[in-house]
Amino acid sequence: MSPEIINFHNFKQAIRSWRNLCKQAGLSIRSVVEIDGMPVLEIRSPTLGAKKGVYISAGIHGDEPAAVAGLFSWANRKIAVLANIPLLIYPCLNPWGFLNNSRTDKSGVDLNRIWGQADHPLVQVVSKKLQSIELCLSLNLHEDYDGQGIYLYEPGRGGRPDSLAEKILSSAESIIRRDCRKTIEGRKVKDGMIRPRLRNLPKEGKPEAVYLYENKGGRNFTLETPSEFAFHDRRSAHKLMIECAVNASGY
Ligand SMILES: [Zn+2]
């Protein structure tokens with residue numbers, strides 16, 4: 001039987017669906033740390049080795065459910081080939097937030113601003129896991145209440161933008177249009193793409209994406225869908241953008 005698709009804020013169901021999917025796909029799944037008394041799940045494929053890993057995380061902001069659901073939909077569609085992709089997945093990094101529709105964890109901490117704190121339990125677990133792994137791609141999945149369409153961040157490296165950024169947005173434009181704002185969160189946007197410079201980071205703390213880019217290299221994209229749009233469209237948009245990025249990495 002196919003695993004049940006993930007719906008809004010039902011964490012128990014999400015765990016059940018992922019366990020079922022992992023069993024069918026030949027992936028391992030386990031809880032690696034508890035945040036607010038709830039398990040943070042980690043999924044890895046048997047082909048994950050030292051090189052060319054693909055890292056995908058969702059749900060670090062608990063009020064962005066279509067990111068969590070879109071990741072699951074992608075995996076569910078690729079169930080037959082997932083074991084061949086060297087995956088490291090954190091399907092819901094803020095379980096309490098997901099259950100309670102909260103951006104932050106129970107104590108009000110934004111878990112996407114803690115990545116400069118080596119002693120935070122979440123950072124400790126993920127960084128230890130990544131120590132021996134080189135990534136070719138990392139994707140951080142998000143949603144935005146002010147969003148007017150899909151958009152993405154990629155680290156500004158100077159030089160030419162990565163053409164994959166354009167392809168990722170094009171892949172989902174038939175479902176949700178591209179965000180056409182000229183600035184987002186005070187940053188310049190071009191055709192839905194934001195390339196923040198590393199010296200111009202949020203003052204509150206380091207985001208997961210920056211941690212990954214600084215420490216692991218490879219391509220990094222933060223994918224965003226607009227929270228006020230229909231849930232199933234946002235879920236589909238995430239699914240398509242993940243598919244595009246992973247395919248372009250040769251998997
Ligand atoms: Zn977010």
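Donors here are N, O and S atoms within 2.8 Å of the metal (3.2 Å for Na, K and Ca); water is not among the atoms, so sites may look incomplete. The model is predicted: local features need pLDDT of at least 70, side-chain atom pairs count only at pLDDT 80 or more, and totals for chains, interfaces and linings use all residues. Residues are numbered from 1 along each chain as its sequence is written, and side-chain values use heavy atoms, with hydrogens and water left out.

**Stop 1: the zinc ion**

Select the zinc ion with H61, E64 and H142. Its donors are ND1 of H61, OE of E64 listed twice, and ND1 of H142, at 2.1 to 2.3 Å. The angles among the four donor atoms run from 57 to 150°, and the site is irregular. That label is what remains when other tests fail: four donors count as tetrahedral if all angles lie between 85 and 135 degrees; four count as square planar and six as octahedral if opposite donors are over 155 degrees apart and all others between 65 and 115.

Along the sequence, the spacing of the donor residues reads H-x2-E-x77-H. E64 sits in the loop between β3 and α2 (65–77) and H142 in strand β5, so this pair ties together parts 78 residues apart in sequence. Both E64 and H142 are buried (under 20% relative accessible area; exposed is over 50%, partly exposed in between; 1.4 Å probe, protein chains only).

**Stop 2: the sheet**

Switch to cartoon. Helices (H or I, at least four residues) and strands (E, at least two) are DSSP runs, numbered from the N terminus. Eight strands make an open, mixed sheet, ordered β1-β2-β4-β3-β5-β10-β6-β9; two strands pair if DSSP finds at least two bridges between them. β1 (28–35) and β9 (193–194) are the edges, each pairing on one side only.

Zoom to β2 (38–44) and β4 (87–90), which pair antiparallel over two bridges. R44 stands opposite L88 of β4.

**Stop 3: two helices on the sheet**

Select α4 (121–130). This helix packs on the sheet and touches β1, β2, β3 (53–58), β4 and β5 (135–144). Its direction makes about 145° with that of β1. Contact means heavy atoms within 4.5 Å. Axes are lines fitted to C-alpha atoms, for helices over the stretch in contact, and angles run from 0 to 180 degrees between N-to-C directions.

Next, α5 (163–172) packs on the sheet against β6 (151–153), β9 and β10 (219–226), at about 30° to β10.

**Stop 4: cysteines**

Select C22. The structure holds zero disulfides (cysteine sulfur pairs within 2.5 Å). The closest cysteine sulfur to that of C22 is in C92, 14 Å away, too far for a bond. C22 is buried at 1% relative accessibility.
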